[in-house]
Every structure is written in C-alpha cells, then in structure tokens.
Amino acid sequence: MSESILVAQALVGPEYRPAGPLEIRLSNGQITALNPAPEGAETMALALPAPVNAHDHARPLSATSFGLAGEPLETWLVGLGAMPPVDARLAARAALARAALGGVAAVMVHLTRPMGLVSLEEEALQIADAADEVGVRLALAISVRDRNPLTYGDHTPVLDALSGSHDGAAVRRLAAALARPVPSADAQIAAAEQVAKALAGRNVDVQFGPTGPQWCSVELLTAVADASARTGRRVHMHLLETKYQRAWADEQHPEGIVQMLRSIGLLSPRLTLAHGTWARPDELEMIASAGATIAVNTSSNLHLKSGVAPVAAMKATGVRVAMGLDGCAFDDDDDALRELRLLRALHAGHGFDDGMTLQDVLEAACLNGRPTLGLAPGGQIALEAPGDILLLDLKALDRDALLPVDPRALLLGRARREHILGLWVDGKPVITRGRLVRVNAPEAEAALRAAYRVAMPQTADFRSDWSALRPSLAAWYRDRLGCC
Ligand SMILES: [Zn+2]
C-alpha cells in the first residue's frame, strides 16, 4: 500500500472551492482524508484535480520540427509523411513524459498513424508500457478508415498535376499506396478487438477510433456503431474539424452529417467527437441529446487554421465539453495549463458574456474528459475521489502577494507548466519537485531525437517532392471545397 500526504491550499469539491491549507491523504489510489493542516503548517502549494487530455495522438515530436508550422490540416496531415517511423516505445515514452510534465494525469491516444515497425498489438503494448513507466493513465483508440486517403474525394487530379516534371519517387510510392486495397470493415473492427485482447488487464481503455466521416464509409461507421452497441466499447472520432470537412459533409450528406451519424446509431454516450469546430447548433443539440462528448482542441484549431470552436453554443445546447491538446499545444510544449487559459479566453465571449466561466473550464479540463477515457468518476478533490492531483507553485503564481487573490484566478490567469511542483496519479507520485519520478525526460527526448536523425534519410524523397505535392493539394481543396 502506498501513501502520500500533501499539505496544500486546494480547489475542493465539485465547485473547485478554494480551501486550506489542507492535509490531503492519498492511499490505495484514492483521497482518503482531507483535514485542516496541523497548526502552524505552512504551504505555498495549490492542489487541483489533475486535468485529463481528452484528445491526442502521442506524436513523438511536434510537426513544426518537420517544417509544417502554419499548415492547414488538409496539407499538414499529408505533410506528416516527412516523419519517418521510429521505435514506438521510445516515441511514446517521450510523448507521454511531455504530457505529464504539461500537467495531465491521463491521455487519450487516438492511434491514427501507428509506426508500423511491429504488429499493431505489439505497438499498443509498447505504448501501454510507456504510460506505465511515466505513470499516466492511458486510453487508446485504434484507428479505422477506408476512403479518401489523400483528399476528400477523387485524388486523381492531384497526381495528374504532378505527372511529368514532378512525379518523383515519393509521389510514385504514394500513388501505389493509394491504389492498395483497404481491409474490410469487419477485418478492421476485428483488429481493434485484437488489440483490446492483447491489452486485457493493463488498465487501458481500448476504443474504436474511426478517423472521421470523410475518411470512413457509412458502411464502416455503421459496423463500428453496431460493434460498439454490442460490446459497450467506446468510440473516438474526429468531426467537422475544418471548413473543408464542413463543405464535404454538406455536399455528401445533404440530410446532415450528424443526422446521418444518429441514423446509423453512432451517436451515444459512448461516443467522443474531437473538435466539432464547424458544428451547427441543431447538430450540437443532437450530440447533446445523445449524451456524446466533444473534446475541444483550442490550440490545435489555431495552429492548423481550423477556426474557433462554437464552445458557448456547445454549452448552451448542453453538450458535455472536454479539453484536448491534440499534440498541438499553443507553444508546442504540451502545456495543459496554458490550454485552460486559451479555452476560456477564446470561448468566453465578449464583455459581460459568460460563454465559458471559470467553473466551465475546470469541468472541461478535470471532470468531463474522464468518462471519455473510461476512467472512474473523479475530477475533484473529495473523499474517495481518485488520487489524481496536480500541485502548483502558488508562491510563484501569486508573485506580487499584495492581497489574498482567489487561486483560481491565478490558475486561469497565468499558470504554465513551469509552475508544476508535483503530479500524483492513482495516488502515486509521477512528478515531485518539478521532475518526473520514474523517467528521465531530457534523456528520453535526446534518445528520440537521435533515432529521428538516423531515420530522416528515409523520408528525403518525400521531402523533396513535397514542394510540388503541397500546392497541388491546396489547389484541390480551393477548387473543389473552397466555397464556405
Ligand atoms: Zn486529432
């Protein structure tokens, strides 16, 4: 039995009410005592329920390092071809170490681009091992897709535009890969089930991860909906992230894309939708009444020029909103605390609007993501709640120390990952004195960079063809889906 005792000011209960100083006892993975700190005990730490990252991909390094800063999603995704595969365990260790140092206790990894150097089951096991090593909780959505591998529709014009002067080795390889047959819906669902079987007993919530409606046929989505209803397995999917996805959806599904998802039985409390940036109020109402959650990824939406999500409308229609980082934190540093601030700043509205209150932000970050990762209810500092606690340096946060300022205002106003003193997950220390307890993060990053330096020549021809491929892709979207 492990036991930790933290003495801190704390944001307590479902209202995140400032209290303290308190003695917080953690044992057997739970908060087992919350008592006034002993007389004279001094603390300059602030305890809050540790946030959850409800949408991510555990990308080993930021795409910015591969020349993709400022790229819209549609070209950015193809541009990820510049990243060669590296050892999955090494990649996941560095990515999940950064996640913990960014302040989250749990990460949803939507495995849309497995490295593919070992079997899918083996790769999933390696990611689970890395999560255990770091000490964070993990959910894993196994990607399924069967259409539109390059563009949201017939990609022949893209390849045709490159033929002649620009059909380099990478483009020819791409064309061959695009022509390969895709496994059936049943085979893809069976592969996801196989991963779940391999991870049985590992405390990882394995989910179906359709990449998005523009990449998945209605037949595949229907098969996922049926399998989810049959097994209770959760589903994690991107939806309406960009204006091009909106235009594609309106063209292909005039009855309404969300209506279509509802008609096939995919909308349910088991469903998490990432983004929803271009969702309309009537669609949000359907999502809310089905009890599905939307994981909003504010920084990612800005990095990839996707837009600002209608979070106030989500709230008004009763959609449960969770917070995701999508591997694209605003400063490319996985900082979940800055993300809280952005989530509020961009979605609260103007003047006296209350689109996103302090309470809403804390619920999105700490509470609402948990069920989407299959975690026990929690997200608050209360007796018998899970022992997932983030500890911040209140002295540094309250740098002027002139008045007793509400610590929530300091948290939302200025907290960054540099303010993290400690992180406890399942009652066990993951970070103490600002450092990971079990993984040497700088070493993990250095090993990963070294692996990339060795592997980079594998994508040299892709990178040389990219200068021709990129404008051809951009033209495809501008010409066909640039109407909204
Ligand atoms: Zn994503």
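User: What follows helix α2, and what is the sign of its phi?

Analyst: Helices are DSSP runs of H or I with at least four residues, numbered from the N terminus. Here α2 is followed by G103, whose phi is positive, near 110°. This is a predicted model, in which local features need pLDDT of at least 70, side-chain atom pairs count only at pLDDT 80 or more, and totals for chains, interfaces and linings use all residues. Residues are numbered from 1 along each chain as its sequence is written.

User: How many residues of α2 are buried?

Analyst: A residue is buried if 20 or more other C-beta atoms, placed from the backbone, lie within 10 Å of its own. In α2, twelve of the 14 residues are buried, among them R93, L96 and R98.

User: Which residues touch the most other members of the largest nonpolar core?

Analyst: A nonpolar core is a set of buried Ala, Val, Leu, Ile, Met, Phe, Trp, Tyr and Cys residues joined through C-beta atoms within 7 Å. The largest one has 150 residues, and L96, A100, I127, V136, L140 and V224 touch the most other members. Its largest share, ten residues, comes from α2.

User: Which residues does L140 touch?

Analyst: Two residues are in contact if their C-beta atoms, placed from the backbone, lie within 7 Å. Leaving out residues up to four places away in sequence, L140 touches V109, L111, A124, I127, V204 and V206.

User: Why is A192 classed as buried?

Analyst: A192, found in helix α6 (residues 185–198), is buried because 24 other C-beta atoms lie within 10 Å. With the sequence exclusion of up to four places, A192 touches I142, V144 and F208.

Definitions and conventions:
Helices (H or I, at least four residues) and strands (E, at least two) are DSSP runs, numbered from the N terminus.
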